[in-house]
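Please look over the entry below before reading on. The paragraphs after it explain, step by step, how its parts are arranged.

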2 protein chains.
Amino acid sequence: MQVKSNIWFEVDGRVVLSRWRIRLLQAIEQTGSISKAADLMDVPYRRAWEKIHESEVRLGFKLVETQVGGVGGGGARLTAACIDLIQKYDTIVKGLGAVLLQRFEDTFDT
Amino acid sequence: MQVKSNIWFEVDGRVVLSRWRIRLLQAIEQTGSISKAADLMDVPYRRAWEKIHESEVRLGFKLVETQVGGVGGGGARLTAACIDLIQKYDTIVKGLGAVLLQRFEDTFDT
DNA sequence: AATCGCTATGATTATAACACATAACGAGTG
DNA sequence: CACTCGTTATGTGTTATAATCATAGCGATT
């Protein structure tokens, strides 16, 4: 048996940022494209794009600046607002996982 | 925007205990029946029973001792192992929500 | 103008949630 | 002893949700 956790942000009761979405955004930052990020996350492009779009609509601002066509077919990069949000998420979540795991082990004597 | 969290236990990658399931079990403890607990949780009996059964199979021991027929048609009560698990879950989760909220407010200056 | 791979989105399929329905049970009651 | 009653347990069909497949359009570079 193991303990798991998730921490996410909501707007009007709908998810706008979760651990998975954070990883996806970071993958976009690394690869420079939604498509490559989707491959990295092992999900179809469709799903990656949809989740980002969903978050953007709910938040009311863009997380990803995309370019269609051009060299390499196009690409994507994170907006400043997105980078700021990721940073805030990391700050809030940092260390909590470790605390949780420690408590779990203490409680179950592993 | 608000922060949300969930903490759950897994066995072989499958959920065996979550906040929702804890509440369900506690409702069974209070009411003495899965049926009444389901009403309290505002879900059909079918679902309540299924989730409990699922958890029991995955854990390999019973969470709820049921009696079918008899006075009042039957009933249900938590096993000692179940009560122990609930207590462990509460111990682990206790206070984490408050810490999370505090961090959220500090980070977003609310 | 031809290319390339990426964005964007429509259409389809698979999966999970939900609601409905019903059999079996057994302590108490008349 | 036949009957009642509310509960457990489970089958079945339907609906909603999520994942997958497929394809059009773009534009800097060659």
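What follows begins with one chain, moves to the contact between the two protein chains, and ends with the two DNA strands.

This is a predicted model, in which local features need pLDDT of at least 70 and side-chain atom pairs count only at pLDDT 80 or more, while totals for chains, interfaces and linings use all residues. Residues are numbered from 1 along each chain as its sequence is written, chains are lettered from A and ligands numbered from 1 in the order in which they are written, and side-chain values use heavy atoms, with hydrogens and water left out.

Chain A contains five helices and four strands, where helices (H or I, at least four residues) and strands (E, at least two) are DSSP runs numbered from the N terminus. Read from the N terminus on, the elements of chain A follow the order β-β-α-α-α-β-β-α-α, and the C-alpha trace of chain A spans about 60 × 30 × 20 Å along its principal axes. Strand 3 and strand 4 of chain A pair in the antiparallel sense over five bridges, pairing being taken to require at least two DSSP bridges between two strands. Within this pair, A:V64 has A:L78 of strand 4 as its bridge partner. The two strands form a hairpin with five residues between them, and A:G69 in the turn has a positive phi of about 80°.

The next topic is the contact between the two protein chains. With contact meaning heavy atoms within 4.5 Å, 26 residues from chain B and 26 residues from chain A take part. Chain B and chain A bury about 2,300 Å² between them, 71% of it on carbon and sulfur atoms; buried area here is the accessible area (1.4 Å probe) that two parts lose on being put together, summed over both. Strand 1 (residues 2-11) of chain A is joined to strand 1 of chain B by nine bridges, and the two strands run antiparallel. One example is A:K4, whose bridge partner in strand 1 of chain B is B:W8.

A:K4 also appears in a salt bridge with B:E10, the closest N and O atoms being 4.0 Å apart. The rule, which asks for a side-chain nitrogen of Lys or Arg within 4 Å of a carboxyl oxygen of Asp or Glu, finds one salt bridge across this interface. On the side of chain B that touches chain A, strand 1 (2-11), helix 4 (80-93) and helix 5 (96-108) of chain B each supply at least two residues, and strand 1 gives the most, with 10 residues. By class, that side has 16 nonpolar, five polar and five charged residues, where Ala, Val, Leu, Ile, Met, Phe, Trp, Tyr, Cys and Pro count as nonpolar, Asp, Glu, Lys and Arg as charged, and the others, Gly among them, as polar.

Strand 1 of chain B has a further partner within its own chain, for three bridges join it to strand 2 (residues 14-17) of chain B in an antiparallel arrangement. There B:E10 stands opposite B:V15, and the two strands form a hairpin with two residues between them, in whose turn B:D12 has a positive phi of about 55°.

The DNA can now be added to the picture. A residue is near a strand if one of its heavy atoms lies within 4 Å of it, and 22 residues surround DNA strand C, the closest being A:Y45, A:R46, A:T66, A:G73 and B:R47. Sugar and phosphate account for 60% of the atoms of DNA strand C that come within 4 Å of the protein. A polar backbone atom of A:I34 is 2.8 Å from a phosphate oxygen of DNA strand C, while one of B:G69 is 3.0 Å from a base oxygen of that strand.

Around DNA strand D there are 23 residues, and the closest are B:I34, B:K36, B:R46, B:T66 and B:G73. Of the atoms of DNA strand D within 4 Å of the protein, 56% belong to sugar or phosphate and the rest to bases. A backbone N or O atom of B:S35 lies 3.0 Å from a phosphate oxygen of DNA strand D, whereas a polar backbone atom of A:G70 is 2.9 Å from a base nitrogen of DNA strand D. The surface near DNA strand D has eight nonpolar, 11 polar and four charged residues.

Technical notes: Polar contact = N/O pair within 3.5 Å; in protein donor to acceptor, adjacent residues only side chain to side chain.
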